[in-house]
Each structure stands twice: as C-alpha cells, then as structure tokens.
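Hi everyone, and thanks for making time for this. I'd like to walk you through a structure that may be new to you, so please have a look at the sequence and the model before I go on.

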Amino acid sequence: MSNTGNGWVVIAGLGPGNEALVTQEVRDAIADATDIVGYIPYVKRIAPRDGLTLHATDNRVEVDRATHALEMAAEGKRVVVVSSGDPGVFAMASAVFEALENNAESHPDWLNLDIKVLPGITAMLAAAAAIGAPLGHDFAAINLSDNLKPWSLIEKRLQLVGEAGLAMAFYNPRSKSRPHQFARALDILREACGADTLITFARDVTKPGQELLTVPLNDATPEMADMRTVVIVGNRDTRRVGNYVYTPRYAAED
Ligand code: SAH
C-alpha cells in the first residue's frame with residue numbers, strides 16, 4: 001500500500017456534550033474530513049453530509065478502529081477519529097499510537113502519516129466547573145474500569161492516592177458488568193480519605209438533564225454513579241461555600 005501523502009488522521013475531542021464546547025479547530029477538521037471513525041454515540045454527534053463517510057463501531061474494538069483509521073489515511077483519506085471529552089483521557093489517542101506501534105514493521109510508511117491530536121474539554125473539568133472548583137489543588141484522574149487493568153491495581157491506587165491527600169476524579173465509575181466494585185471503592189475511600197470528605201456525582205454534565213449531587217463519603221451509595229457519571233472526591237480541605245464546592249489552592253504540612 002502506498003502513502004499518497006495527502007491523507008491524515010486527526011484524533012479529536014468533542015467535549016462533554018454541549019456543542020458550544022467543541023473547539024473551532026475540531027469543527028474545522030470535521031468540515032475537511034472524508035471519513036469519521038468512532039464509537040456509535042460519538043459518531044452520532046457528527047452531521048452527515050455529501051462526501052463524508054461515517055464509520056460507527058462498538059466501543060470494545062478501539063485498536064481495530066484505530067488501525068482502520070490509519071489504513072484509510074494511508075490511502076489518502078482525511079480521517080477524524082472522534083472521542084468524547086478529550087481524546088487523550090481514557091480514549092482514542094493512545095489507541096491510535098498503539099495501532100501505529102503494532103504496525104510499525106508491517107506498515108513502516110504509516111509512521112510518516114500526518115497524525116494530530118486535538119484536545120477537548122474532558123468530563124472531570126466540565127464537572128468541576130459545574131460545581132465550583134473541587135480540583136483547585138493537586139488531584140489524580142483514575143479510570144475505575146478493569147477492562148484494561150486488574151481490579152487489584154485500582155484498589156491499590158485508590159488507597160495510595162487517598163492516603164497522599166490528593167483529590168480524585170473517577171471515570172467509568174460503575175457498570176452493570178461490575179456491580180460490586182464501586183461499593184468496594186467507596187469503602188477504601190472512606191478509610192483512606194476520611195468519611196466526611198466530600199464526594200460529587202456529576203451525571204450528563206453540560207447535557208440536558210445534567211445532575212449534580214454532593215454528599216460526605218459516609219452518605220455515598222453505589223447507586224449514585226453509573227457510566228454517565230464522573231465522580232469527584234475532594235481532599236480533606238474541600239468544602240462548601242454557598243451552593244458551590246471548592247478546594248483551596250493551599251495545603252498545610254501533613
Ligand atoms: N475521553 C472522555 C472519557 C471517556 S471514558 C473524556 O475526556 O471525558 C467515559 C467516561 O467519561 C464515562 O463513564 C463518564 O465517567 C465520563 N463522562 C464522559 N462524558 C461525561 C458527561 N457529559 N458527564 C459525566 N461524565 C462523563
């Protein structure tokens with residue numbers, strides 16, 4: 001297969017849902033694309049038009065999807081791979097580079113493809129903004145799905161990050177295929193962070209029907225989260241002021 005030199009791949013973040021939060025450079029890339037690749041609900045956000053082929057696939061095949069995007073770009077197509085939020089946060093950007101690495105010997109020409117990552121507003125930042133400033137000091141972002149890592153590693157990280165006093169944002173907090181693990185995560189957090197630490201459940205952020213709920217960890221129940229929720233746990237200084245939740249910018253010695 002020869003590289004015509006005209007094709008490219010853009011891995012674009014569509015933001016958390018509100019179309020006003022899609023950046024201009026992402027809009028421009030989509031307007032210039034011949035092909036859109038992505039998970040079905042994200043591809044649905046792209047308006048169909050003449051000359052644009054939409055390739056919507058199931059979420060479980062990220063590397064296949066990424067390989068397909070690289071193949072098409074090598075054929076001269078202009079391909080936008082869409083992710084929700086930011087493409088570098090638990091999303092397609094790493095999958096594209098993984099596919100590039102996997103194919104480095106069989107398709108060395110792909111290494112010269114024009115590949116760009118265009119950032120988007122990730123769910124935790126949109127959620128943090130919606131409730132105030134809970135991530136105003138040091139924090140960690142953790143994917144609670146054990147599809148790509150063992151659950152034991154997730155437990156260890158929750159424990160250590162909690163003990164280190166960092167705030168946390170959790171993606172993919174609770175799915176039907178792993179109903180008990182989020183309850184376990186809450187137990188670890190109560191122990192490591194303290195039961196009165198504030199936790200916020202932010203569902204469908206920036207979309208119609210957005211829901212925000214902040215409670216002390218002691219009152220948190222697993223049902224408060226699902227796969228459309230991003231969860232933010234504050235640090236020991238995180239507090240309410242009026243209707244807002246914020247974390248001060250400073251911290252004292254441990
Ligand atoms: N790349 C995406 C994250 C993909 S993982 C990003 O940067 O936001 C999918 C998880 O993101 C969901 O399970 C949920 O935890 C979170 N998420 C994405 N969009 C969201 C939204 N609008 N509201 C709340 N959580 C969201």
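Before I point at anything, one definition: when I say helix, I mean a DSSP run of at least four residues, and helices are numbered from the N terminus. Please also keep in mind that what you see is a predicted model.

Let's begin with helix H3, which covers residues 62-74 and contains threonine 67. Is threonine 67 buried or exposed? Its relative accessibility is 16%, and buried means under 20%, so threonine 67 counts as buried. Looking past its neighbours within four places in sequence, you'll find threonine 67 in contact with Ala99, Asn103 and Trp110.

Let's follow one of those partners. Asparagine 103 sits in the loop between helix H4 (92-102) and strand E5 (114-118). Asparagine 103 is buried as well, with a relative accessible area of 13%. Its side chain reaches the backbone oxygen of alanine 99 at 2.8 Å. If we set aside residues up to four places away in sequence, asparagine 103 touches Thr67, Pro108 and Trp110.

Back on H3, there is also glutamate 62. Glutamate 62 has 29% relative accessibility and counts as partly exposed. Which residues does glutamate 62 touch, not counting those up to four places away in sequence? The answer is Met92 and Ala95. Glutamate 62 and valine 96 are 34 residues apart along the chain, while their C-alpha atoms are separated by 8.3 Å.

Now for the ligand. How many residues surround the ligand? There are 20, and the closest are Asp86, Val89, Thr122, Met227 and Thr229. Several backbone atoms come in here. A polar backbone atom of methionine 227 is 2.6 Å from an oxygen atom of the ligand. For threonine 229, a backbone N or O atom lies 2.7 Å from a ligand oxygen. Alanine 123 also brings a backbone N or O atom to 2.9 Å from an oxygen atom of the ligand. On its own the ligand has 550 Å² of accessible area, and the protein covers 93% of that.

Helix H5 spans residues 123-131, and its buried residues include Met124, Ala126, Ala127, Ala128 and Ile131. After H5 comes glycine 132, with a positive phi near 140°.

Let's move along to helix H7, residues 181-193. How far apart are the end C-alpha atoms of H7? They are 18 Å apart, which agrees with the 18 Å that 13 residues should span at 1.5 Å a residue.

Several residues of H7 are buried: Gln181, Phe182, Ala185, Leu186, Ile188, Leu189, Ala192 and Cys193. These buried residues cover an arc of only 165° around the axis, which puts them on the same side of H7. Here is a general reminder that helps when you look at that list: an α-helix has 3.6 residues a turn, so residues three or four places apart point the same way.

What covers the buried residues of H7? The cover includes helix H6 (151-163), strand E8 (167-171), strand E9 (198-203) and strand E11 (229-233).

H7 also holds alanine 183. Alanine 183 is partly exposed, with a relative accessible area of 28%. Its C-alpha atom is separated by 5.4 Å from that of proline 222, although the two residues are 39 apart along the chain.

Just after H7, glycine 194 takes a positive phi of about 105°. That brings me to backbone angles, and one more general point: most residues other than glycine have a negative phi. So where should we look for positive values in residues other than glycine? One of them is threonine 206, with phi near 70°. Another is aspartate 204, with a positive phi of about 50°.

Both belong to one loop. Aspartate 204 lies between E9 and strand E10 (211-216), and threonine 206 lies in the loop between E9 and E10 too. Aspartate 204 is buried, with a relative accessible area of 7%, whereas threonine 206 is partly exposed at 23%.

That's my tour. Thanks for listening, and please feel free to turn the model around while we talk.

Note on methods:
Residues numbered from 1 in each chain as written. Predicted model: local features only at pLDDT ≥ 70, side-chain atom pairs only at ≥ 80, totals over all residues. Heavy atoms only, no water. Helix = DSSP H or I, 4+ residues; strand = E, 2+ residues; numbered from the N terminus. Expected span 1.5 Å × (residues − 1). Buried < 20%, exposed > 50% of the residue type's maximum accessible area, 1.4 Å probe, protein only. Arc of directions from axis to C-beta. Contact = heavy atoms within 4.5 Å. Near = heavy atom within 4 Å. Polar contact = N/O pair within 3.5 Å; in protein donor to acceptor, adjacent residues only side chain to side chain. Areas by Shrake-Rupley, 256 points an atom, 1.4 Å probe, with all protein chains shown as cover.
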